Amino acid sequence: SDITKVIAADTFERPIYAGNAVATGGSAAVETQAAQADSGKSAFLGSEIAKSDRPELTAAKIIVSGGRALGSAEKFNEVMTPLADKLGAALGASRAAVDAGYAPNDWQVGQTGKIVAPQLYVACGISGAIQHLAGMKDSKVIVAINKDPEAPIFSVADYGLEADLFTAVPQLMERL
């Protein structure tokens, strides 16, 4: 479907590397292989579906997300989980937090993660890289807590709090 030019009956050109280069392709030999018997080196044992009382990220009405500023998986759980529990929210994370091992991959919000549009999105310690903003910009109300006043997340936030999340989140919890 991506052939742009036919050179001969069995040779063609097609774009590669997002259209930045052109590859010339030709015919290849087709060989028939006999089916192989099971070697017994592997076996399917079953499948398990992870179950959680927490809402699924893409369907959640409220999402609480944490970023690299949390510093560790322990701090992520210590700060973000109680807030999510209190709000009945799904947990999300920035790509930086996932890459650092603070949160599992299926919590990643962004262009390379899940696209979300909850009623309320609370971003704690997330600077707001363009990839992350692309994944959550359609949220109805965006609340950002970040100590960097120049953080890009504030450009899309409906409510922004310039504060240290380790101080602000516990204070927020007291008020809820």
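In this predicted model, the buried residues of helix 4 are covered by elements that include helix 1 (73-87), strand 6 (120-124), strand 7 and strand 8 (159-162). The residues concerned are Leu 165, Ala 168 and Val 169, which are buried in helix 4. Viewed down the axis of helix 4, its buried residues fall within an arc of 95°, so they line one face of the helix. The general geometry fits this reading: an α-helix has 3.6 residues a turn, so residues three or four places apart point the same way.

The start of helix 4 also holds a polar contact. There a side-chain oxygen of Asp 164 comes to within 2.8 Å of the backbone nitrogen of Phe 166.

Helix 4 (165-175) has a part in the largest pocket as well, since it supplies at least two residues of the lining, as do helix 2 (95-99), helix 3 (130-136) and strand 7 (141-146). This pocket has a volume of about 410 Å³. Its lining is made up of 26 residues, and those nearest its centre are Arg 68, Ser 94, Gly 125, Ile 126 and Ser 127. By class, the lining of the largest pocket contains twelve polar, nine nonpolar and five charged residues.

The second largest pocket encloses about 240 Å³ of space. Twelve residues line this pocket, with Ser 52, Pro 55, Glu 56, Asp 106 and Trp 107 nearest its centre. Six residues of the lining of the second largest pocket are nonpolar, five are charged and one is polar.

Key
Residues numbered from 1 in each chain as written. Predicted model: local features only at pLDDT ≥ 70, side-chain atom pairs only at ≥ 80, totals over all residues. Heavy atoms only, no water. 1 Å grid on protein atoms, 1.4 Å probe; cavity = no way out; pocket = protein on both sides within 12 Å on 5 of 7 lines; lining within 4 Å. Points joined across faces, edges and corners; volume = space filled by probe spheres on them. Helix = DSSP H or I, 4+ residues; strand = E, 2+ residues; numbered from the N terminus. Nonpolar A, V, L, I, M, F, W, Y, C, P; charged D, E, K, R; others polar. Buried < 20%, exposed > 50% of the residue type's maximum accessible area, 1.4 Å probe, protein only. Arc of directions from axis to C-beta. Contact = heavy atoms within 4.5 Å. Polar contact = N/O pair within 3.5 Å; in protein donor to acceptor, adjacent residues only side chain to side chain.
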